[in-house]
Amino acid sequence: MHTVINYDLPMETITQNEWVVRCAERLRQRWRTVETLQLEEVAMVMWADVHLRCMEPCDAAAQWLKPVCIGHN
């Protein structure tokens, strides 16, 4: 089942599920070979972090990926 996300919603109205799906989509840009379910599990762990949860999902994913991207160069 694929979730349809309305990207025009303000952050205050984004549900946990929507946040996780959007975050996982951003993580997919970095890890194309990882299964969607696994990326959503990572996004759920990220959701548990209050600092990341307060961010837009794409921004939270970018922030979380920084150490990976720096170490990858």
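How many salt bridges does a search of the whole structure find? The exercises below work towards this and other features of a predicted model.

**Exercise 1. Count the salt bridges and describe what they join.**

Step 1. The search of the whole structure gives 1 salt bridge.
Step 2. Its partners are E56 and R22, whose side chains meet at 3.1 Å, N to O. The cut-off for such a pair is 4 Å, so this contact qualifies.
Step 3. Place the partners. E56 sits in the loop between helix 3 (50-53) and helix 4, while R22 belongs to helix 1. They are 34 residues apart, so the pair links distant parts of the chain.
Step 4. Check the surroundings. R22 counts as buried, at 7% relative accessibility. E56 is partly exposed, with a relative accessible area of 30%.
Step 5. Recall the general idea. Side chains of opposite charge can pair when their charged atoms come close.

**Exercise 2. Lay out the fold and judge the confidence in it.**

Step 1. List the elements. The protein has 4 helices and 0 strands. Along the sequence the pattern reads α-α-α-α.
Step 2. Read the confidence. The average pLDDT is 84, and 75% of the residues score at least 70.
Step 3. Find the extremes. Helix 2 has the highest confidence, at 97, and helix 4 the lowest, at a mean of 80.
Step 4. Keep a caution in mind. Where pLDDT is low, the predicted coordinates should not be read in detail.

**Exercise 3. Test the length of helix 2 and find its buried face.**

Step 1. Work out the span. Helix 2 has 12 residues, and at 1.5 Å a residue they should span 16 Å.
Step 2. Compare. The end C-alpha atoms of helix 2 are 16 Å apart, which agrees.
Step 3. Pick out the buried residues: L39, A43, M46 and W47.
Step 4. Look down the axis. The buried residues of helix 2 fall within an arc of 100°, so they line one face.
Step 5. Turn to the other side. The face of helix 2 turned away from the buried side carries L37 and V45, both exposed.
Step 6. Link this to helix geometry. An α-helix has 3.6 residues a turn, so residues three or four places apart point the same way.

**Exercise 4. Describe the largest nonpolar core.**

Step 1. Set the scale. Of the 73 residues of the protein, 27% count as buried.
Step 2. Go to the core. The largest nonpolar core holds 15 residues. Those that touch the most other members are W19, C23, L27, M46 and A60.
Step 3. Trace the sources. Helix 1 (16-30), helix 2 (36-47) and helix 4 (57-72) each give two or more residues to this core. Helix 1 supplies the largest share, 5 residues.
Step 4. Add the background. In soluble globular proteins, nonpolar side chains tend to be buried together.

**Exercise 5. Decide whether C23 and C58 are bonded or unbonded.**

Step 1. Check the total. The structure holds 0 disulfides.
Step 2. Take C23. The nearest cysteine sulfur to C23 is that of C58, 7.8 Å away.
Step 3. Apply the cut-off. A disulfide needs sulfur atoms within 2.5 Å. At 7.8 Å, the sulfur of C58 is too far from that of C23 for a bond.
Step 4. Compare exposure. C23 counts as buried, at 0% relative accessibility. C58 is partly exposed, at 37%.

**Exercise 6. Place E18 and relate it to P57.**

Step 1. Locate E18 in helix 1.
Step 2. Classify E18. Its relative accessible area is 15%, so E18 is buried.
Step 3. Relate the pair. E18 and P57 are 39 residues apart along the chain, yet their C-alpha atoms are separated by 8.9 Å.

Definitions and conventions
Residues numbered from 1 in each chain as written. Heavy atoms only, no water. Core = buried A, V, L, I, M, F, W, Y, C linked by side-chain atoms within 4.5 Å. Buried < 20%, exposed > 50% of the residue type's maximum accessible area, 1.4 Å probe, protein only. Expected span 1.5 Å × (residues − 1). Arc of directions from axis to C-beta. pLDDT = per-residue confidence, 0-100.
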